[in-house]
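Here are my notes on this one, written as numbered points. Keep the picture open while you read, and look up each residue as you go.

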Amino acid sequence: MILVSQDAEGIRMAALEVFELSLQSKSIERRIQNIRPDDLEQIVKIIPERKLSPGYYEFLMYLLWLEGQMEAGCNFALNADEADGLRAVQQARHEFDREHPACGNCGTPRASVRARRCESCMREF
Ligand SMILES: [Zn+2]
């Protein structure tokens, strides 16, 4: 059996999938930004057609929450799984940013790196 929290590659894939989904759905994006540790299972349920087993998304949501707390200035003593997991999330975010560079005008991520126009402010690239 695979231990989800030790499978950095699986976490990276789940993160990339969730970032793509939140680009398509503002409501998913909002819920993920306001995530709470007691809400992890609920959030996983709103992710349609998950590619991986639910455990990946639950751990991912926990990591996103943890990341948000750390950005807000909370200090945590991370264990090895958490540190590796956060690194996998960052890796996925870099991949996502490469494929969806932010619009220079309004900052919205582009639908794809090949998009010719911002879907939010309509500026042409
Ligand atoms: Zn724009």
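1. In which helix is the place of Ile 43? Ile 43 sits in helix H3, residues 40-45. Helices here are DSSP runs of H or I with at least four residues, strands are runs of E with at least two, and both are numbered from the N terminus. Before going on, keep in mind that this is a predicted model: local features need pLDDT of at least 70, side-chain atom pairs count only at pLDDT 80 or more, and totals for chains, interfaces and linings use all residues. Residue numbers start from 1 along each chain as its sequence is written.

2. Let's stay with Ile 43 for a moment. Ile 43 counts as buried because 21 other C-beta atoms lie within 10 Å. (The cut-offs: 20 or more other C-beta atoms within 10 Å of a residue's own is buried, 12 or fewer is exposed, in between is partly exposed, with C-beta atoms placed from the backbone.) Once you leave aside neighbours within four places in sequence, Ile 43 is in contact with Arg 31, Ile 32, Ile 35 and Met 61. Contact is when the C-beta atoms of two residues, placed from the backbone, lie within 7 Å. From Ile 43 to Met 61 it is 18 residues in sequence, and 7.9 Å in space from C-alpha to C-alpha.

3. Now the whole chain. You should find 5 helices and 0 strands, so to speak an α-α-α-α-α run from the N terminus on. The C-alpha atoms fill a box of roughly 45 × 35 × 25 Å along the principal axes. A compact globule of 125 residues would have a radius of gyration near 14 Å, and the 15 Å of this protein agrees with that. That radius is taken over C-alpha atoms, and the globule rule is 2.2 Å times the number of residues to the power 0.38. Buried residues make up 21% of the 125. Among contacts with a separation of 6 or more, 46% are between residues 24 or more positions apart.

4. How do H1 and H5 cross? The axes of H1 (residues 8-24) and H5 (residues 80-99) come within 8 Å and cross at roughly 45°, which makes H1 oblique to H5. Axes are lines fitted to C-alpha atoms, for helices over the stretch in contact, and angles between N-to-C directions run from 0 to 180 degrees. Under 35 degrees is roughly parallel, over 145 roughly antiparallel, 65 to 115 roughly perpendicular, and the rest oblique. The crossing of H1 and H5 is right-handed (the near helix is turned clockwise from the far one by less than a right angle; anticlockwise would be left-handed).

5. Who meets whom there? On the H1 side look for residues including Ile 11, Ala 15 and Phe 19, and on the H5 side for residues including Ala 88, Ala 92 and Phe 96. The residues of this H1 and H5 contact divide into 9 nonpolar, 2 polar and 4 charged. Nonpolar covers Ala, Val, Leu, Ile, Met, Phe, Trp, Tyr, Cys and Pro; charged covers Asp, Glu, Lys and Arg; the others, Gly among them, are polar.

6. Next, H1 against H4 (residues 54-71): the axes are 9 Å apart, at an angle of about 75°, so these two helices are roughly perpendicular. Gly 10, Ile 11, Ala 14, Ala 15 and Val 18 of H1 make the contact with Tyr 56, Tyr 57, Phe 59 and Leu 60 of H4. That contact has 8 nonpolar residues, 1 polar and no charged.

7. H4 and H5 pack at about 90° with axes 10 Å apart, which makes H4 roughly perpendicular to H5. Residues in this contact include Leu 63 and Leu 64 of H4, and Leu 86 and Val 89 of H5. The split is 6 nonpolar, 1 polar and 2 charged.

8. Buried or exposed: what is Asp 7? Asp 7 is buried, because 20 other C-beta atoms lie within 10 Å. Its place is in the segment before H1. Asp 7 and Gly 85 are 78 residues apart in sequence, yet 8.2 Å apart in space, C-alpha to C-alpha.

9. Last, the segment after H5, where you will find Met 122. Met 122 counts as exposed, with 10 C-beta neighbours inside 10 Å. Its phi is near 70°, a positive value in a residue other than glycine.
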